[in-house]
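Biologist: Got a minute to walk me through this one? I'd like to start with the overall picture and then get to the side chains.

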Amino acid sequence: MSRIALIGASALIALFAVASSASSKGGSFPDQDGNATVNVTFNAAGTSATFTGDKALSNYLVTFCDGSVIDVDSVGGDHKTYTFTYDKPIAWIQVKAGTTRKTFSRDCNGGGGGGTQYPVLKVTKNPASSTLKAGASQTFTLEVANDGEATATGVELCDTPDDQWTFVETNGASIDDGTACWTIGDLAPGAEATRTIKLKLAGTATGTATNVARATATNAAGAYDDAEVTVKDDGGGNGGGGGNPGGDWPKLPPGGDPNGDFVHVEKVEVHVDLAAGETKKVTVTCPNGGYMTDAFPRVDHVDQGTGALTDIAIVAVHSTGPSTYEVVLRNDAFGRAQLKVFGLCVGKVTVNHQHPLKLSGLKKVTETWTPGRHSVTLRCADGQVPVAPGFELDGGSARLVRSELDGSDGWTFTLEVANDGEAT
């Protein structure tokens, strides 16, 4: 199957999930590792939960699917197994045993609750991680979505930066005690709302600067997602970047404009060993959360006297997500084969000016082809350039003989087809 994702150049179109999604986690305190092993299991209806651990439970905090909360400060006794029982479904529960504090969440609409449908809030923060110099500014995009099956009412979206940040642009938010909040109102199932905020790091900022996006509703459990910025002091050479939290950013190229901008590029590779006759799916992933804009295998070796390099069939090479590619390989030789799969990653944010790069949805076409040479060209919308080209064969056999840019907005694939089949 041949698939192309598109990368936009200006306002940029949303494609896959651009930032990591937030679960219904939360609580008065953050989770923390400690000296105990703990677990919680929910009953089918979610109206009870059982704690098990190797140290006694000291306290717990429950948020229900309807948004109400119970905080039990002290359990008492030597309870290494303890069951909490309530008359309504639990969205998540945070337990503390010894010095360990951990949150366990449950799907409110996963079959429990006596048939009641609940709203489920999800918050996404973008960029989720980046690198900036002290004194630099960063614009964050906050999105709250209702992934549940009922309307969320009285939704409020807030952002709380730590004390290394100051507000630059709040875009309609009200500020109270260091927190910026927007009144969203009601969100129907599947609806979402997006807000932006611009923050500036203090000139003395060091280490990691965080800010947390939180969403609440009158009838749903709250949700949050945080963003972490690594404060980098590189002697004034570079600004921040995206998709490489804590990474070592490259300097500007020789002769480059120190006030210019460029994209962070990173290459990854995976070694593959194929037995005779074996078909294998290989996934290659950007290690720092960037966008994988291309990937392809290279056949390095086939056991002597058992076949040729051309006996290795490349059945599919295509994007499976913003940061991943899947490669399907088949060894038609009589001996083992060794290959490498290479991927090319770019940061989600430009290095100096912090412009976000966002992806559209995959654009694809499926063709049924008879033997012979066939071509197809896919084109992007205005202001976009193609990235993440790929293909997949479904039945028959073919050899890819062309995969390259066509002008500035198109990508052409040409396949030499040996047997009838479908190519996407």
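Modeller: Sure, we can go from the overall fold to the disulfides and then the aromatic rings.

Biologist: What should I know about the model and the numbering?

Modeller: This is a predicted model, so local features need pLDDT of at least 70 and side-chain atom pairs count only at pLDDT 80 or more, while totals for chains, interfaces and linings use all residues. Residues are numbered from 1 along each chain as its sequence is written, and side-chain values use heavy atoms, with hydrogens and water left out.

Biologist: How many helices and strands are there in the protein chain?

Modeller: There are 0 helices and 33 strands. Those are DSSP runs numbered from the N terminus, helices being H or I with at least four residues and strands E with at least two.

Biologist: And what share of the residues is buried?

Modeller: Buried residues account for 45% of the 424 in the chain. Buried means under 20% relative accessible area, exposed is over 50%, and partly exposed is in between, with a 1.4 Å probe and protein chains only.

Biologist: What about the accessible surface?

Modeller: The chain has about 19200 Å² of it, and carbon and sulfur atoms hold 49%. Those areas come from the Shrake-Rupley method with a 1.4 Å probe, and for residues only the protein chains shown count as cover.

Biologist: Of the contacts between residues at least 6 apart, what percentage join residues at least 24 apart?

Modeller: That comes to 73% in this chain, where a contact means heavy atoms within 4.5 Å.

Biologist: OK, cysteines. How many disulfides turn up in the whole structure?

Modeller: The search finds 3, a disulfide being a pair of cysteine sulfur atoms within 2.5 Å. Counting bonded cysteines along the chain, the pattern is 1-2, 3-4, 5-6.

Biologist: Take Cys65 and Cys108. How far apart are their sulfur atoms?

Modeller: They sit 2.1 Å apart. Cys65 is in the loop between β4 (57-64) and β5 (69-72), Cys108 is in the loop between β8 (100-105) and β9 (121-126), and the two are 43 residues apart, so the pair links distant parts of the chain.

Biologist: Is that one left-handed or right-handed?

Modeller: Left-handed, because the torsion about the S-S bond is about -90 degrees. Cys65 is buried at 1% relative accessible area, and Cys108 is buried at 5%.

Biologist: Next pair. Where do Cys158 and Cys181 lie?

Modeller: Their S to S distance is 2.1 Å. Cys158 lies in strand β12 (residues 152-161) and Cys181 in strand β15 (residues 179-187), so the disulfide ties together parts 23 residues apart in sequence. This link is right-handed, with 110 degrees about the S-S bond. Cys158 counts as buried at 12% relative accessibility, as does Cys181 at 14%.

Biologist: And what does Cys286 pair with?

Modeller: Cys286 is joined to Cys345, S to S 2.1 Å. Cys286 is in the loop between β21 (279-285) and β22 (291-302), while Cys345 is in strand β25 (residues 337-346), so parts 59 residues apart in sequence are tied together. The torsion is about -100 degrees, so this disulfide is left-handed.

Biologist: Are those two buried or exposed?

Modeller: Cys286 is buried at 4% relative accessibility, and Cys345 is buried at 2%.

Biologist: Switching to rings. How many aromatic pairs are there?

Modeller: The count is 5. Rings of Phe, Tyr and Trp (its six-membered ring) pair if their centres lie within 6.5 Å, and planes under 30 degrees apart count as stacked, over 60 as edge-to-face and the rest as tilted. One of the pairs is Tyr60 and Phe84, with centres 4.2 Å apart and planes at 55 degrees, so that pair is tilted. Tyr60 is in strand β4 and Phe84 in strand β6 (residues 81-85), 24 residues apart.

Biologist: Which residues form a cluster with Tyr60?

Modeller: Tyr82 and Phe84 join Tyr60 in one aromatic cluster. Tyr60 is buried at 7% relative accessibility, and Phe84 is buried at 1%. Another pair is Phe64 and Tyr86, whose centres are 5.2 Å apart with planes at 80 degrees, so the rings are edge-to-face.

Biologist: Which residue lies over the face of Phe64?

Modeller: Lys88 does, at 4.9 Å from the ring centre. The rule is that NZ of Lys or CZ of Arg is within 6 Å of the ring centre and within 35 degrees of the ring normal. The charged end of Arg214 also sits over a ring, that of Tyr224, 5.8 Å from its centre.
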